[in-house]
Amino acid sequence: MSSPAPRLAYIDATAGIAGDMLLAALVDAGADLDRIQRVLDALVPGSVRFVRSDVDRGGQRAVKVDVEVLVEDPPHRTWSSIRELLERARGGEVPEATIDLSLAVFGRLAEAEGTTHGVPADEVHFHEVGALDSLADVIGACEAWRQLGVTESVGSVIAVGSGRIRAAHGDIPVPVPAVARLALGWPTVAGELLPPRAPGPGHDHTHPHAHPHTHPHAHPHAHSHEHAPDVVPDADATLPAHARGGPHEHGGRRVPPGVAPGIGELATPTGVALMRGLASSSGPQPMLTADALGVGAGTKDTPGRPNVVRVLVGGPVGPSAALPADAHDTPTAAVELAANVDDLDPRLWPGVIDELLDQGALDAWHTSITMKRGRPAVTVHALVREGSKEEAARLIMDRTGTLGVRRHRVERLIRTREFDEIEVRGQRIAVKIARDHDGRAVRREPEFRDVAAAARALGISERAMLDLARESAAGLTDPAP
């Protein structure tokens, strides 16, 4: 039985991200909102209703998904109660993948909030995040992701906003504490440098986009933030000289030199948790042939800054994209990792290779090289799936001591492979069968590990056992292609 074709996704959060915006983008990309509604009804019957509308954001068409709460005074929930709600749904109408994704996202939120407030994650009261509307955002986005069949994903740098906002605990900087913690290890951008002030006396430099900056994601979440529009970030003394200049005006306000004005909060905790829970890695858009584009809108419409999240979904690029996957789900696109090492005890290399393979690498090997000043060294290579590249790279660094790992995406023309089993003199031996594109078996090779074990058991040489196994494998019947 062949595995589903690979589906790649790219989440563009360069204008910020919130849970309702990502949900709307995924619906616009093709997820079925009625099916998402049925999932929520199975978890919290008669409590929420999704309403879709087409809107304009900064001159762009986008989809807005609002959540109507149908019950009064919805309960606040702890992480443990949310986890119990999802776990109880297993085996019912809610797909397992949706449950697993939702647990991962809420788990990240709980850890971030718990660390922020100094309490165990299980005791975190989510308040608005645990309320019905935000439960709908998280679970709805996870169900939409499942429907789109995404197998590999990349997320952009996240625009978190800038300035300060008033929250339940007082005046706090952007990004708020939960977002700052959720974004650890992920690229973010706060504001952007304004053009340098033109020199010369009497030259009044006024920013050309003098529009008021209002909070773009007016959606309830854990902090009940109220945007303080007249607060701007402190000047950054580390800015390059050409960018500093003198004070200037922006929207009628005096702004410190060289610094973008406070534009408020662009990323919510729910939005960042969804990015971290759904996207396999961060980076630029991967090579893909997009067949769907979703544009999800936030509540506010700020002139000159389209308040949207975009999602691209499609298949891999290249001739190998059309090849079928084999019985063991060998992908036709992968990531090759490589690192040069000149100070590892040679006796340790077999263990490094074995550990990479045990962790799920598609292949792992090392080659001899000569480095600068004639030093002998080794390059270790690992071929891994897109979603495993971070973990495999960390393993290489931990086991070899290298300070860096190169990585690049590769496309592979592969023959599909499957396994059969033969019996030779009472010994069972696995046989790898390679098939061409028309399904014709082009090679049958006994697994040498089984051959060696059978040779020891029978007390004969490995070479003799291999000849016997190959003869037996050649007699395997094969259905017509």
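The chain folds into 12 helices and 23 strands. The coordinates come from a predicted model. Of the 481 residues in the chain, 47% are buried. About 23100 Å² of the chain is exposed, and carbon and sulfur atoms supply 51% of that area. Among contacts with a separation of 6 or more, 71% are between residues 24 or more positions apart.

Helix α2 is a convenient place to begin with the interior. This helix spans residues 33-43, and its buried residues are L33, I36, Q37, V39, L40 and L43. Viewed down the axis of α2, these buried residues fall within an arc of 155 degrees, so they line one face of the helix. The cover over the buried residues of α2 includes three helices, α1 (19-28), α3 (79-88) and α5 (132-147), together with the strands β2 (48-57) and β3 (60-69).

Further along the chain there is a cis peptide bond. V174 and P175 are joined by it, with omega at about 5 degrees. P175 is placed in the loop between β8 (170-173) and α6 (177-182).

The next subject is a sheet and what packs on it. Strands β21, β22 and β23 form an open sheet in that order, with antiparallel pairing. At its edges are β21 (416-424) and β23 (441-446), each of which pairs on one side only. From one strand to the next, the twist averages 25 degrees. In general, the strands of a sheet pair through backbone hydrogen bonds, in either a parallel or an antiparallel way. Here β21 and β22, the latter covering residues 427-435, pair in the antiparallel sense over 9 bridges. Within this pairing, E423 stands opposite R428 of β22.

Two helices pack on this sheet. Helix α11 (residues 448-458) touches β21, β22 and β23, and its direction makes about 155 degrees with that of β22. Helix α12 (residues 462-474) also packs on the sheet, touching β21, β22 and β23, and its direction makes about 110 degrees with that of β21.

The strands β21 and β22 are also linked through side chains. E418 and R435 meet in a salt bridge, with an N to O distance of 3.0 Å. This pair links distant parts of the chain, as E418 belongs to strand β21 and R435 to strand β22, 17 residues apart. How are the two partners classed by accessibility, buried or partly exposed? E418 is partly exposed because its relative accessible area is 29%. R435 counts as buried because its relative accessibility is 11%, and the cut-off for buried is under 20%.

The loop between β21 and β22 holds R425. The phi of R425 is near 50 degrees, a positive value in a residue other than glycine. With a relative accessible area of 58%, R425 is exposed. R373 is another residue with a positive phi, about 60 degrees, although it is not a glycine. The place of R373 is in the loop between β18 (363-370) and β19 (376-384). R373 is exposed as well, with a relative accessible area of 72%.

Salt bridges occur elsewhere in the chain too. How many are there? The count comes to 24 salt bridges. One of them joins R399 and E355, whose side chains meet at 2.7 Å, N to O. This pair also links distant parts of the chain: R399 is in helix α10 (residues 389-400) and E355 is in helix α9 (residues 349-358), 44 residues apart. R399 counts as partly exposed, at 39% relative accessibility. E355 is likewise partly exposed, with a relative accessible area of 29%.

A further salt bridge is formed by R61 and D54, with their closest N and O atoms 3.7 Å apart. R61 is partly exposed, at a relative accessible area of 46%. Its partner D54 is exposed, at 56%, and the cut-off for exposed is over 50%.

How values were computed:
Residues are numbered from 1 along each chain as its sequence is written. This is a predicted model: local features need pLDDT of at least 70, side-chain atom pairs count only at pLDDT 80 or more; totals for chains, interfaces and linings use all residues. Side-chain values use heavy atoms; hydrogens and water are left out. Two strands pair if DSSP finds at least two bridges between them. Helices (H or I, at least four residues) and strands (E, at least two) are DSSP runs, numbered from the N terminus. Axes are lines fitted to C-alpha atoms, for helices over the stretch in contact, and angles run from 0 to 180 degrees between N-to-C directions. Contact means heavy atoms within 4.5 Å. A salt bridge is a side-chain nitrogen of Lys or Arg within 4 Å of a carboxyl oxygen of Asp or Glu. Buried means under 20% relative accessible area, exposed over 50%, partly exposed in between (1.4 Å probe, protein chains only). Accessible areas come from the Shrake-Rupley method with a 1.4 Å probe; for residues, only the protein chains shown count as cover. The arc is that of the directions from the helix axis to the C-beta atoms.
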